[in-house]
Amino acid sequence: PRISAVEQDGFVFPAQEGATVPVQTEGPAAPLLSPSADLVDVYVFDSGIRAGHRALSGLVGQGFTSFRNAIGTEDCNGHGTHVAGSIGGRQFGQTGRARLISVKVLDRDSYGDVSTVIAGVEWVLDQPGASKIANMSLTRLDPAPPGQALLDRAVMALITAGIPVVVAAGNSAADARLYSPARIAAAITVGAMSGDEVATSSNTGGGVDIYVQGADVPSASLTDSCGFERMSGTSMAAARLTGAAADLLADGTDAQDVLPGLLARSSLQETGNFTGEVTRVVLGLREGDLAGFCD
């Protein structure tokens, strides 16, 4: 009676495109985000977070891991640290009001499973606190019908519990409605811009709610506690939007009003290029500054 359904497990991948590029910082110190005392819990479903990075130190709460690899919720790949830095890191984050909580569901080789994500969802649902949001910069081409796949149902459980979920559209230059969790209508699905155009790899279509710059995004690096690197993909776009959404929650916006609040700050552009899209909604966000952070 405790079993809801049975299905074959399957891989889940980070929605990053291409290689990472190290970034050197030079010049005078840049203005940094100052952490607030009134924090929103941001659950980062990813490869972990390097909590000791200078841009993240003191901003990371106690988290969860699906893996027994002797390093707990610490990052084992780099994707999660970059995502966390884009959400609420001092240098390139979109908010100073995020408590970044690692929900480690991807391993060092950039693989996760539906089951590791579900385990993370169950843990998040058991956590206290009223102000929460989840970031899922991950993707899966799921053969099960939308809404029936267990990954879809797990993400819907978070949304039903009043937790907004920001998800990456995916990087297959395809219809986002083929991918989970991007296809979940109640999630906030984010595509990637590259300059003034939609990134060539970004999934598109009527399932994408909003587009954010996702090309060559600088953020915290796993390899150096004071280093930064550039990554591209809808992972990066979703992370940046999550920070902006957390800021709205910190201002008192209700969970169901987060997407309308973001859309109100966005611009509408004509497209005509992509199936199911006549217009696209684009949100410009804080860029941060590479200058002198670790001098």
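Select Phe13 to begin: this residue stands opposite Thr139 in strand E8. Keep in mind that the model you are viewing is predicted.

**Stop 1: the sheet**

Now widen the selection to residues 11–14, which form strand E1, and residues 138–141, which form strand E8. The two strands pair in the antiparallel sense, over 2 bridges. Show the neighbouring strands as well. You then have an open sheet of 4 strands, with antiparallel pairing. Read across it in the order E6-E1-E8-E10.

Which strands stand at the edges? Select 112–113 for strand E6 and 179–180 for strand E10. Each of these has a single partner strand, so one side of each is left without a neighbour in the sheet.

**Stop 2: two packed helices**

Leave the sheet and select residues 79–88, helix H1. Add residues 234–250, helix H4. The helices pack at an angle of about 35°, and their axes are 7 Å apart. Turn the view to look at the crossing: H1 passes H4 in a right-handed one.

Which residues make the contact? On H1, show His79, His82, Val83, Ser86 and Ile87. On H4, show Ser235, Met236, Ala239, Arg240, Thr242 and Gly243. Colour them by class. The contact divides into 4 nonpolar, 6 polar and 1 charged residue.

**Stop 3: the largest pocket**

Next, look for empty space. Rolling a probe the size of a water molecule over the atoms shows where such space is left.

Select Ser4, Ala5, Ile118, Val121, Glu122, Leu125, Leu150, Arg153, Ala154 and Ala157. They line the largest pocket. Which elements give two or more residues to this lining? They are helix H2, at 114–125, and helix H3, at 150–160. The pocket has a volume of about 230 Å³. Colour its lining by class, and you will find 7 nonpolar, 1 polar and 2 charged residues.

**Stop 4: the second largest pocket**

Move on to the second largest pocket, with a volume of about 180 Å³. How many residues line it? There are 14, and those closest to its centre are Ile159, Pro164, Ala186, Ala255 and Gln256. Select these five to find the spot.

Then add residues 258–264, helix H5. This helix gives the most to the lining, with 3 residues. Finish by colouring the lining by class: 12 residues are nonpolar, 2 are polar and none is charged.

Methods:
Residues numbered from 1 in each chain as written. Predicted model: local features only at pLDDT ≥ 70, side-chain atom pairs only at ≥ 80, totals over all residues. Heavy atoms only, no water. 1 Å grid on protein atoms, 1.4 Å probe; cavity = no way out; pocket = protein on both sides within 12 Å on 5 of 7 lines; lining within 4 Å. Points joined across faces, edges and corners; volume = space filled by probe spheres on them. Nonpolar A, V, L, I, M, F, W, Y, C, P; charged D, E, K, R; others polar. Pairing = 2+ DSSP bridges. Axes fitted to C-alpha atoms, helices over the stretch in contact; angles between N-to-C directions. Left-handed = near helix turned anticlockwise from the far one by under 90°. Contact = heavy atoms within 4.5 Å.
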